[in-house]
Amino acid sequence: MATLEKIRSKSVLLIVVIGLALLAFIIGDAITNSRNLFGDQTTVAKVGGTKIDYTDYVKKREELNSQLENARRQNPAQYNNFDTQTLSQMALDQLMGEALIDEGASKAGIQTSSSQLAYYILDQPINPRISEIMQQLNAAGHGVSTPKEAYEIIFNPKNYGLTETEMAPLQKYWVAMEAETSQLIKRNTYQKLLTGTVKANNLDKKALYNDYVSTRNVQIAYKPFGNVSDEKYAPTDKEIREEYNNIKSTYKVEEPTKEIAFIAVTIAPSDADKEAAAQLAKQTAEALKTGEAATNKELRKEGIVVTHKKVREKDLKSGAIKNFVTSAKKDSVEIVTENIKGFTVVKVGQHLTEVDSVQLNIIQVAGEGLATTTLARLNGGLSIDSVSSISPDSIFVQKDQWIALYNAQGSTGALETSQLDSLMNAGGKYIQLVSSPQGAVLANIAAKSAPKSIYEYEEVNYELKPSVTTVNEARTKLEDFLTANESATLFSENAPKEGYTVKNIDLNASTPAVPRMAGMQSFYPDSRQVVRWVMMDGKPGSVSHVYESKDAMSPALYAAAVLASYDDYTPLSNSDVLNSVSDRVRKSKAGEEMMGQYSSQTGSIESAAAAMGVEPRNNAAFRFSRNPQVRDAAVVGQIAGSQPGDVILVKGDSGIYAYQIVSENTENFPYTDSQYEQQYFQLVNPNFGEMLRGSKHFKNNIYKFEAGD
């Protein structure tokens, strides 16, 4: 390998003279951009002593963006709606994971041997940059098909008529790739070691097996709490505080968090916009009648899209367009759809009968003179199977190739009209489909499909969106509201009075954008800017200015007010926490009352169920390990630990259970060591990122490196 073959050492004397004024300018500019030349000011995030530098972050984000663009080209249906707001945090998460693994591998003393490096570069490449190097060589005309061939050309260029100077950039890139691959190997080795740390012993595996084969025949009556009356079971402040303290650990936050009140205003077209669209539809229909729709600059400025379509009848989707196109006379014009989404105007063209595919014999010939000779020989009776014999190195044959002239979207344009006409009129003879001084493409029609019914028409579409006036009016209204309500308290109290819906949302520096729903990876468009303001500039009690989503079809306005800030536990003052804890207390009080109400009715499972107003259910194979019928974990544990006998009444998180163990059984399943090894790993479900992070303090500076306003 290059790094193993030679070590180049260079001595370079660098003399840098920096004036005080220039230094001040550089430092000032760096501070302005939330970075400077010293300390951690280029650190995007840090876990303990592990840092992510801004340069690496930008590189990774660009890499992910490139991968997304490739995915969109290959699978647009799946990736076109991918929210790019998440890329920044995705880049940071990947880099942090890699950094923690690298740190662990270093502490473990893991090294990459030269034989490993050679194997994972030349024999089983694991670094995608190897493919990039090969692509560059092939693009430059140096044909390579394996990493070994690429290596030979790059580091032994004279053997291939090349110079060291020509290959110097690729040599440098290869050396960098080697270093990167070495690190990848260390990561893979360390990750395998981590995985090996989560391994079941014989007792673990046997316990899982016993939990599965040990079953109980249980009869269960369940009465859910349902809607618990707040008035009847109103919790006291003391009860709420006590319950919060009991479950406080569930509200621990990993990063400094801010609770905000958030307003999102989705702007819909106004009545005036709808009326303007109706007038535009009429103008478009008139222009389509005279043939001016495609060239009318004023109409196109309004957003109409004119499309010429030539479609098989079977590909016309059922609906207004199909009904009109297949029934109206040529040159008829009609507004076929008009609604809140916009309108569609159609002008009927020709109704044709054409083949939708042809089978061609195609011969590519190099050389103008040879093309003329070959064409004459073919039309003189020479078989296509024998044509290569004229000049094997200059003639390439593609026999019986079907060419689709139409697909579900309409005319494919695979053949120009003049080409198709020439082929159709040749009566099976060969013609020059394409010709140039370098050669020609010869072809004839070997077969063609049955004629199909084809409809030609002009389709004009317009998507109705809010006008600039409508957007400005909505913005002015929201700005006026913010001016009159400059504190978070007034913001929250008065927003509903003005017709705004307020959501209370928790945000931290790792939040990619404002989420639409708690715990969901769905975000408001262009709302990352709101999170940046909250995390960088928002103080408890402060109110933002108006932020705008630039989606032309469905614009939105946003505003936020910071209600609170905390960095250890989400406090009881948080509305979601207060509601959740209060609900738990209410349900617990209701459950206690129900326990007393039904405790005297446990002579049998039937009497208990009748008192509860429910039907008892029989669970013939109740398992501690897998039991979807009972959702409360504590109740599952109690049932699994009970013996056959009396009816037992128990309070769960969601309702009251009465149950009776009828019998205990043992299923006859074979024990497979590997199966329960795998089940143990799935049960533990180790989060290696969290393991490596441990209790290290996490600081996310990502929003410091984004432009604010």
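These notes walk through the packing, strands, rings and charged pairs of a predicted model.

1. **The main core.** Start with the nonpolar residues. The largest nonpolar core has 50 residues. Y57, I260, F262, V530 and V534 have the most contacts inside it. Helix α5, residues 87-107, gives the largest share of this core, with nine residues. In general, nonpolar side chains in soluble globular proteins tend to be buried together.

2. **One core residue up close.** Take V534. What is V534 in contact with, leaving aside its neighbours within four places in sequence? The list is K258, I260, L507, A560 and V562. Of these names, I260 also appears among the core residues with the most contacts.

3. **Another core.** Apart from the largest core lies another one, of 19 residues. Its members include L122, M134, V144 and I154.

4. **Strand β1 and its hairpin.** Strand β1 covers residues 43-47 and is mostly covered: four of its five residues are buried. β1 pairs with strand β2, residues 50-53, in the antiparallel sense over four bridges. In that pairing, T43 has D53 as its bridge partner. The two strands form a hairpin with two residues between them. Look at G48 in the turn: its phi is positive, about 60 degrees.

5. **A further partner for β1.** β1 also pairs with strand β21, residues 698-700. This pairing is antiparallel too, over three bridges. Here V47 has F698 as its bridge partner. So where does β1 sit? It pairs with both β2 and β21.

6. **Aromatic pairs.** The structure holds 18 aromatic pairs. One of them joins Y209 and Y671, with ring centres 5.3 Å apart. The planes stand at 85 degrees, so this pair is edge-to-face. Y209 lies in helix α10, and Y671 in the loop between β20 and α23, so the pair ties together parts that are 462 residues apart in sequence. Is Y209 buried or exposed? Y209 is buried, because its relative accessible area is 13%, under the 20% cut-off. Y671 counts as partly exposed, at 31%.

7. **More rings.** Y54, Y57 and F705 form one aromatic cluster. Y57 is also listed among the core residues with the most contacts. Now find Y569. K248 lies over the face of Y569, at 4.8 Å from the ring centre. K252 lies over the face of Y569 as well, at 5.4 Å from the ring centre.

8. **A salt bridge from α5.** Side chains of opposite charge can pair when their charged atoms come close. The count here is 38 salt bridges. E103 forms one with K696, the closest N and O atoms being 3.2 Å apart. E103 is in helix α5, while K696 is in the loop between α24 and β21, 593 residues apart. E103 is partly exposed, with a relative accessible area of 24%. K696 is partly exposed at 27%.

9. **A buried salt bridge.** E677 forms a salt bridge with K205, with the closest N and O atoms 3.6 Å apart. E677 lies in helix α23 and K205 in helix α10, so the pair ties together parts that are 472 residues apart in sequence. Both E677 and K205 are buried.

10. **A charged network.** Some salt bridges share partners. They join K60, E63, E98, D102, R129, E132, E180 and R187 into one network.

Technical notes: Residues are numbered from 1 along each chain as its sequence is written. This is a predicted model: local features need pLDDT of at least 70, side-chain atom pairs count only at pLDDT 80 or more; totals for chains, interfaces and linings use all residues. Side-chain values use heavy atoms; hydrogens and water are left out. A nonpolar core is a set of buried Ala, Val, Leu, Ile, Met, Phe, Trp, Tyr and Cys residues joined through side-chain atoms within 4.5 Å. Buried means under 20% relative accessible area, exposed over 50%, partly exposed in between (1.4 Å probe, protein chains only). Contact means heavy atoms within 4.5 Å. Rings of Phe, Tyr and Trp (its six-membered ring) pair if their centres lie within 6.5 Å; planes under 30 degrees apart count as stacked, over 60 as edge-to-face and the rest as tilted. A charge sits over a ring if NZ of Lys or CZ of Arg is within 6 Å of the ring centre and within 35 degrees of the ring normal. Two strands pair if DSSP finds at least two bridges between them. A salt bridge is a side-chain nitrogen of Lys or Arg within 4 Å of a carboxyl oxygen of Asp or Glu.
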